[in-house]
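Please look through the structure below with an eye to how its helices pack and where its backbone departs from the usual conformations.

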Amino acid sequence: MAKTTTKSAKKPAAKAATKPSAKASGASAKSATKAAAKPAAKASAKSARKTKAKSGKKPALTLSMLKPSVNNMSVRVFARAAGLDHSETDVWGHTRSPEYMARNPAHLTPMIEDKGLPRGVLWESCAIMQYLANKHGLEKLYPKAPAKRAMIDSAMFYLIGTLYPYVARATYPALNFPQYAGEVGHSDAPPDKKAEAQKAAITAIAEPLEVFHSFFRNGKPFIGGKNPSIADIRLAATLEFLAAIDYALPQWAKEYMAAIEKKLGKAYAEPAADVRGYIAYVKSQAAA
């Protein structure tokens with residue numbers, strides 16, 4: 001699992017005491033014995049200094065994110081699954097600040113800051129995962145072979161271009177998220193028209209969802225084959241939002257999401273808990 005500044009750094013295991021060599025004699029044996037007998041307090045102090053120095057090291061990667069967002073969840077899961085040393089900053093309510101927009105004029109999340117980038121920052125979840133997978137050679141999450149990679153890319157682009165817009169139109173009203181300009185949900189249309197548009201989006205989800213099942217997975221456990229890929233992370237995270245409207249996921253999708261969470265463990269479960277917690281909170285407020 002990735003190291004983040006939100007969690008305490010694990011203390012390095014203490015080095016085992018070196019035993020005196022059986023062949024040592026005279027002054028050498030005496031010296032070795034004396035070294036082995038040094039007070040444990042001194043060794044502990046040395047270990048503590050090393051731990052402090054290690055924990056004080058700034059992570060190489062900085063991630064600005066919003067905990068309730070599945071787009072942000074994708075990169076948070078990825079960073080953990082990849083074991084990348086990174087820090088996370090919750091920028092809820094700060095994405096329009098002068099400081100944030102000076103770095104990111106699109107005021108979007110997730111955003112990473114990395115020295116290797118031409119402008120120092122990068123946003124868009126799929127682009128971030130692709131970049132980091134390429135940089136760190138994470139072929140298990142993003143295969144290098146052109147044909148296999150093309151399928152991963154196609155699945156992600158189909159998701160953000162077709163499936164996610166339907167999911168957003170269907171769930172954003174329930175999540176109290178602002179909707180996109182030019183759409184019914186953002187307009188001055190009467191409530192019944194907005195509800196009609198939301199219902200149409202909910203109905204439309206089934207078709208692209210089935211495409212992921214029959215075409216991209218095609219009998220495999222995951223889009224990436226035996227192991228989840230960045231496309232799988234992006235899809236599973238997206239489907240988390242459907243709980244906001246109690247969408248009846250097909251059985252294969254339920255099993256698929258459970259399999260990804262089992263495979264990735266805490267790397268998936270921890271970011272997912274933030275999204276699920278927000279959904280539960282919104283539902284509780286609506287029921288009150």
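The paragraphs that follow go from the chain as a whole to two helix packings, then to one residue of interest and finally to some backbone details.

The model is predicted, and its protein chain comprises eleven helices and four strands. Of the 288 residues in that chain, 39% count as buried, while the chain exposes about 16500 Å², of which carbon and sulfur atoms supply 57%. If one takes the contacts between residues at least 6 apart in sequence, 68% of them join residues at least 24 apart.

Two packed helices are described by the angle between their axes and the distance between the axes. Helix H9, which covers residues 230–240, takes part in two such packings that are worth following in turn. In one of them its partner is helix H10, residues 251–264, and the two axes come within 10 Å and cross at roughly 120 degrees. Because angles from 65 to 115 degrees count as roughly perpendicular and those over 145 as roughly antiparallel, this angle makes H9 oblique to H10. The crossing of H9 and H10 is left-handed. On the side of H9 the contact is made by Asp232, Ile233, Leu235, Ala236, Leu239 and Glu240, and on the side of H10 by Tyr256, Met257, Ile260 and Leu264. Sorted by character, the residues of this contact are eight nonpolar and two charged, with no polar residue among them.

The other partner of H9 is helix H3, residues 70–81, which packs against H9 at an angle of about 140 degrees with the axes 8 Å apart. H3 and H9 are therefore oblique to each other, and their crossing is right-handed. Here Val70, Asn71, Met73, Ser74, Val77 and Phe78 of H3 meet Ile230, Ile233, Arg234, Ala237, Thr238 and Glu240 of H9. The residues of the contact of H3 with H9 divide into seven nonpolar, three polar and two charged.

Tyr256, one of the H10 residues in the contact with H9, deserves a separate look. Which residues does Tyr256 contact, leaving aside its neighbours within four places in sequence? They are Arg217, Pro221, Phe222, Ile223, Asp232 and Leu235. Pro221 lies 35 residues away from Tyr256 in sequence, yet the two are 7.4 Å apart in space, C-alpha to C-alpha. Tyr256 has a relative accessible area of 1% and is therefore buried, the limit for that class being under 20%.

The backbone itself offers some further points of interest. Most residues other than glycine have a negative phi, and most peptide bonds are trans. Against that background, the loop between helix H4 (98–103) and strand E3 (111–113), where Pro110 is placed, may be inspected with some care. Thr109 and Pro110 are joined by a cis peptide bond, with omega at about -5 degrees. His107 is also placed in the loop between H4 and E3, and although His107 is not a glycine, its phi is positive, at about 50 degrees. With a relative accessible area of 24%, His107 is partly exposed.

Asn176 is another residue that is not a glycine and has a positive phi, here of about 65 degrees. Asn176 is found in the loop between helix H6 (146–175) and helix H7 (191–204). Is Asn176 buried or exposed? Its relative accessibility is 59%, so Asn176 counts as exposed, given that the class begins over 50%.

Technical notes:
Residues numbered from 1 in each chain as written. Predicted model: local features only at pLDDT ≥ 70, side-chain atom pairs only at ≥ 80, totals over all residues. Heavy atoms only, no water. Buried < 20%, exposed > 50% of the residue type's maximum accessible area, 1.4 Å probe, protein only. Contact = heavy atoms within 4.5 Å. Areas by Shrake-Rupley, 256 points an atom, 1.4 Å probe, with all protein chains shown as cover. Axes fitted to C-alpha atoms, helices over the stretch in contact; angles between N-to-C directions. Parallel < 35°, antiparallel > 145°, perpendicular 65-115°, else oblique. Left-handed = near helix turned anticlockwise from the far one by under 90°. Nonpolar A, V, L, I, M, F, W, Y, C, P; charged D, E, K, R; others polar.
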